[in-house]
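Student: Could we go through this model together, and could you tell me what stands behind each term?
Tutor: Gladly, let us take the terms one by one.

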Amino acid sequence: MTVRAVVRGVGHYLPARVVPNEAFADRLATSDEWIRARTGIERRHFAAAGETTASMALVAARDALAAAGLGPDDVDAVIVATSTPDLTFPAVATMVQAGLGMTRGFAFDVQAVCAGFVFALANANALILAGQARRALVIGAETFSRILDWTDRTTCVLFGDGAGAVVLEAAPGSGTPLDRGILATDLNSDGRLRELLYVDGGVSTTGTVGQLRMQGREVFRHAVEKLAATAHAALDRAGLTSADVAWIVPHQANLRIIAATASRMQVPMERVVVTVQDHGNTSAASIPLALSVAVAAGRIRTGDLVVTEAIGGGMAWGAVVLRW
Ligand code: UT7
């Protein structure tokens, strides 16, 4: 019998404070027009003082568990994808575990920057297929507002804060692409590209948190080339093609990257979930946020074939093909 990791529930959290593009034009040489035209971003949410990656992840986790109709001790594993943890250690996932009141199971973080949720989903799938967990809570949560250089117009206008979560559950499948659940994954990284997108501080170097640095144009070039390739690789592995795709749920960094990837995959934009206008780039949180918003809006439905794809610092990139 084939085991599949099936999505049982999804949830999200966005901080209350919404910051429109105009807010940046007051103090930087930028404009709403430039940001919209070059990125598709119109607004983003920023965490309030006292809100953290773990506090946002916890609300998203509760939301996903409620949607799944499960309690905290029904879950065996909590995996949080984040590059902006509350503390150097312990893992944000253990804070979520405690916050939920879980008294069993295990919890750990995954750090693959903007591709973090795809990496976490693939790892959760592997744990479920290996029989090490029956149910896993997979969360993407970020507080990028805490690592931005507010004097750098080329980066600070792009990012936002938030969290999204899914509950995966082992279920029997037929071993065909008609099964519900995760059908294939494709993960990649190339550490030679580290200078393109990184944070210039850390525990064993500066002893500081640091700030985000990015060569945007170069990252853009790699993104357009690599995202369609990884999505195709995952579809191939699942025995499917672009024609089978009901929804692409891409990492939300830039509408032009999202559109170029969809075009390379020959999937029309009507079948792409886009939230970048409202959330900005929330790094590892962007895909579960987009999934949750699309499910709440009744767009993604049971049986739909969904492709998620993401790329970010490392560089690290990948895709997950799943049937909802
Ligand atoms: O999530 C992780 C992955 N990250 C990404 O996927 C981000 C990928 N990169 C991008 O999304 C785009 O490259 C950016 C949005 C970052 C930049 O857009 P672009 O079309 O690639 O612009 P550019 O970097 O080629 O810059 C064009 C011009 C430059 O001015 P000059 O040199 O032509 O005079 C920039 O200095 O736009 C200028 N510029 C701005 N102008 C107004 C850069 N940022 C801004 C700004 N407002 N905020």
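The talk below turns to the ligand and then to some backbone features.

Student: What should I know about the model and its numbering?
Tutor: This is a predicted model, where local features need pLDDT of at least 70 and side-chain atom pairs count only at pLDDT 80 or more, while totals for chains, interfaces and linings use all residues. Residues are numbered from 1 along each chain as its sequence is written, and side-chain values use heavy atoms, leaving out hydrogens and water.

Student: What makes a residue one of the 23 that surround the ligand?
Tutor: A residue counts if one of its heavy atoms lies within 4 Å of the ligand. The closest are Thr 30, Arg 38, Arg 217, Asn 254 and Asn 281.

Student: Why is the pair between Arg 38 and the ligand called a polar contact?
Tutor: A polar contact is a pair of N or O atoms within 3.5 Å; within protein, one must be able to donate a hydrogen and the other to accept it, and residues adjacent in sequence count only if both atoms are side-chain atoms. A polar side-chain atom of Arg 38 is 2.8 Å from a ligand oxygen, so the pair qualifies. A side-chain N or O atom of Trp 34 lies 3.4 Å from a ligand nitrogen, so this pair qualifies too.

Student: How do you know that the ligand lies between the domains?
Tutor: Domain 1 (2-173) and domain 2 (181-323) both give residues to the shell, so the ligand lies between them. The bounds come from an automatic or database domain assignment.

Student: Which helix gives the most to that shell?
Tutor: Helix 6 does, with 4 residues. Helices here are DSSP runs (H or I, at least four residues) and strands likewise (E, at least two), numbered from the N terminus.

Student: What is unusual about the backbone at Val 113?
Tutor: Val 113 has a positive phi of about 50° although it is not a glycine. Most residues other than glycine have a negative phi, and most peptide bonds are trans. Val 113 is in the loop between strand 5 (106-110) and helix 5 (116-129).

Student: Where are cis peptide bonds found?
Tutor: One joins Phe 89 and Pro 90, with omega about 5°. Another joins Gly 314 and Met 315, with omega about -10°.
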